[in-house]
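Hello,

Here is the structure I promised to pass on. Please open it and keep it beside you while you read my notes below.

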Amino acid sequence: MEDISLIQGIGIFIFILFAGFIDSMAGGGGLITIPTYLAAGVPAPFILGTNKCVSCCSKSLSIFRYIKNKKIDFKFILPPTIAAFIASLIGARLSSILDSKHMVYILILVIPFIFIMKYLKGRRGLVNPSKLEKTQVIIRSSIIGLMIGGYDGFFGPGTGTFLIISMMFFLHFDILKASPHAAFINYTSNVAAFITFLIKGVIMWKVVAIALPAGLIGNYLGSNQVLKENRTTVTTAFNVVLVGLLVKSIYDISMM
């Protein structure tokens, strides 16, 4: 990759800032970051490594703020985090054996269903139903970790978003409670990938120098919305990511 022009640098900064803002609240930042790096001319072998480097390092800020403000319940979060990490490794292994391309067909069916269920859940007033027993939470959260972690390793797009919706549906979490916990699980599963890319040396550091400050600012602003319990902004970000996933899936199928 040649030297980054001023226009390219400004473009990277703006889009990565926006991606960090969205990702810290609703996941799905990769829908913005990957196309941004592609458009900036980052060589294909360096895109994933650069993306994981910026994503993990900048998301550390929002995770730190969630922990500092006691938005993460570690008694709850450990079982699904461990389950997601193990399942992600298994999913990554399966992705090298099986064809993951056809997962986009499933996404096209699943995403509209999520919108419908989310709408019906709100209409029925089930945003804060009765609290589940501790054993039920552990079992359900571990299953969520296994299923979504496996998906993350096998395919990946929208993992944080699917974690949020799973916690809302099956654990009866409000979106403001689901968001930081989903971010934590997704963050820990991504750290291993970042370390792997770091060891392989497939990170474009001159791009990181521009993107990382932008990602930190975006994560700071996004985590602010969660900490301030700005439900409208977080919910809007969540819906934007789901629409983005649907559009990307339709585009991917059209290109097959």
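His172 sits just after helix 7 and takes a positive phi of about 60 degrees. A similar note applies to helix 1: just after that helix, Gly27 has a positive phi of about 75 degrees. Keep in mind that this is a predicted model.

Now look at helix 7 itself. It covers residues 159–170. Is it enclosed or open? Of its 12 residues, 11 are buried, so helix 7 is largely enclosed by the rest of the structure. The buried set starts with Thr159, Gly160, Thr161 and Phe162. Leu163, Ile164, Ile165 and Ser166 belong to it too. Met167, Met168 and Phe169 complete the list.

The length of helix 7 can be checked. Count 1.5 Å a residue, and its 12 residues should span 16 Å. The end C-alpha atoms of helix 7 are 16 Å apart, so the two values agree.

Helix 1 is next. It runs over residues 6–26. Try the length check again here. With 21 residues at 1.5 Å each, helix 1 should span 30 Å, and its end C-alpha atoms are indeed 30 Å apart.

Which residues of helix 1 are buried? They are Gly9, Ile12, Ile16, Ala19, Gly20, Ile22, Asp23, Ser24, Met25 and Ala26. What do these buried residues pack against? Their partners are helix 2 (30–39), helix 3 (44–68), helix 7, helix 8 (175–200), helix 9 (205–227) and helix 10 (231–254).

Step back to the whole protein. It has 10 helices and zero strands. Along the sequence the pattern therefore reads as α-α-α-α-α-α-α-α-α-α.

For overall size, start with the box. The C-alpha atoms fill roughly 55 × 40 × 35 Å along the principal axes. Then take the radius of gyration. A compact globule of 256 residues would have a value near 18 Å; the protein has 18 Å, which agrees.

Contacts come next. Take those between residues at least 6 apart in sequence: 83% of them join residues at least 24 apart.

Last, the surface and the charges. Of the 256 residues, 46% count as buried. The protein exposes about 13000 Å², and carbon and sulfur atoms supply 69% of that area. There are 22 positive and 10 negative charges, and their mean positions lie 8 Å apart.

Best wishes

Terms used:
Residues are numbered from 1 along each chain as its sequence is written. This is a predicted model: local features need pLDDT of at least 70, side-chain atom pairs count only at pLDDT 80 or more; totals for chains, interfaces and linings use all residues. Side-chain values use heavy atoms; hydrogens and water are left out. Helices (H or I, at least four residues) and strands (E, at least two) are DSSP runs, numbered from the N terminus. The radius of gyration is taken over C-alpha atoms; the globule rule is 2.2 Å times the number of residues to the power 0.38. Buried means under 20% relative accessible area, exposed over 50%, partly exposed in between (1.4 Å probe, protein chains only). Contact means heavy atoms within 4.5 Å. Accessible areas come from the Shrake-Rupley method with a 1.4 Å probe; for residues, only the protein chains shown count as cover. Lys and Arg count as positive and Asp and Glu as negative; His and the chain ends are not counted. The place of a charge is taken as NZ of Lys, CZ of Arg, CG of Asp or CD of Glu. The expected span of a helix is 1.5 Å times one less than its number of residues.
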